[in-house]
Amino acid sequence: TFSNCELVMTGNYSFGTGFLNIHQDVVLKAPEQLTETSIIFEYSSINPLTINAESQLKVDDNTTFKYNVANLADMLVFTNKSSVLRLNHCTFESATTGGCRLKKGRLVIDDKVVFKSATGSDSDSIKLTSTSLDIDVLSGGVIDVQQGYVEYEG
């Protein structure tokens with residue numbers, strides 16, 4: 001469980017076992033002096049990463065959030081509408097078969113955000129579920145799909 005903190009990664013990190021719970025405001029970021037390359041946080045556990053109610057996970061500058069849970073698209077869990085994933089000048093990548101589905105909470109796009117999915121197949125896409133996910137693209141926000149598909153499910 002992380003609660004009201006900043007996780008400054010100095011190198012790539014893979015979270016492969018266990019559960020990850022986000023409470024209050026948690027920022028995942030690279031060191032400020034890093035400007036050319038991206039630090040990767042890979043989530044590959046078969047257990048959920050949960051963003052709890054009234055909580056936010058912010059993926060910040062020069063950081064890649066890599067979702068890598070094979071054939072389990074729903075391991076990034078929003079507890080309710082007050083659960084927020086904020087992407088700021090970073091990369092969001094689904095690197096596995098089965099893709100990644102975001103639903104039930106709020107997705108905020110702040111500045112340019114690169115989206116990548118594993119293959120050119122619809123079944124492996126990043127899915128944004130419009131009936132239960134609020135999506136806010138802030139002023140200056142850009143969604144740049146560089147690989148694969150981002151599917152908007154209505």
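**Close-up 1. Here is the largest nonpolar core of this predicted model.** The core brings together 33 residues. L49, F65, L85, L87, F92 and L102 are the ones that touch the most other members. If you want to know which strand gives the most to the core, look at β3 (residues 20-29), which supplies 4 residues.

**Close-up 2. Now zoom in on L102, one of those well-connected core members.** Which residues is L102 in contact with, once its neighbours within four places in sequence are left aside? You'll find L76, F78, L85, F92, L107, L128 and L133 among them. K127 and T129 are also on the contact list of L102. Two of these partners, L85 and F92, appear among the core residues that touch the most other members.

**Close-up 3. F115 sits in strand β13.** Is F115 buried or exposed? Its relative accessible area is just 2%, so F115 counts as buried. Skipping residues up to four places away in sequence, F115 touches L87, F92, I109, I126 and V150, plus the run I143, D144, V145, Q146 and Q147. For a sense of scale, pick out E6 as well: F115 and E6 are 109 residues apart in sequence, and their C-alpha atoms are 23 Å apart in space.

**Close-up 4. E42 is a buried residue that has no salt bridge.** You can find E42 in strand β4 (residues 39-43). How far away is the nearest side chain of opposite charge? That side chain belongs to K66, and it is 4.7 Å away. A salt bridge here needs the nitrogen and the carboxyl oxygen to be within 4 Å, so a pair at 4.7 Å doesn't make the cut. E42 does have a polar partner, though: its side chain makes a polar contact with the side chain of S14, at 3.3 Å. Not counting residues up to four places away in sequence, E42 touches Y13, S14, F15, K66 and N68.

**Close-up 5. K103 and D74 form a salt bridge.** Side chains of opposite charge can pair when their charged atoms come close. For K103 and D74, the closest N and O atoms are 3.9 Å apart. This pair links distant parts of the chain, 29 residues apart: K103 is in the loop between β11 (100-102) and β12 (106-110), while D74 is in the loop between β7 (63-67) and β8 (76-78). Both ends are partly exposed, with K103 at 35% relative accessibility and D74 at 29%.

**Close-up 6. K81 and D134 make another salt bridge.** Their closest N and O atoms are 3.4 Å apart. Here a loop meets a strand: K81 is in the loop between β8 and β9 (83-88), and D134 is in strand β15 (residues 134-137), 53 residues apart. K81 is partly exposed, with a relative accessible area of 41%, and D134 is partly exposed too, at 36%.

**Close-up 7. D144 and K112 meet in a salt bridge between two strands.** The N to O distance is 3.4 Å. D144 belongs to strand β16 (residues 142-147) and K112 to strand β13 (residues 112-117), with their positions 32 residues apart in the chain. K112 is partly exposed, at 38% relative accessibility. You've met D144 already, as one of the residues that F115 touches.

**Close-up 8. E6, K29 and E32 are linked in a network of salt bridges.** How many salt bridges are there in total? The count comes to 8.

Note on methods: Residues numbered from 1 in each chain as written. Predicted model: local features only at pLDDT ≥ 70, side-chain atom pairs only at ≥ 80, totals over all residues. Heavy atoms only, no water. Buried < 20%, exposed > 50% of the residue type's maximum accessible area, 1.4 Å probe, protein only. Lys, Arg positive; Asp, Glu negative; His and termini not counted. Polar contact = N/O pair within 3.5 Å; in protein donor to acceptor, adjacent residues only side chain to side chain. Contact = heavy atoms within 4.5 Å. Core = buried A, V, L, I, M, F, W, Y, C linked by side-chain atoms within 4.5 Å.
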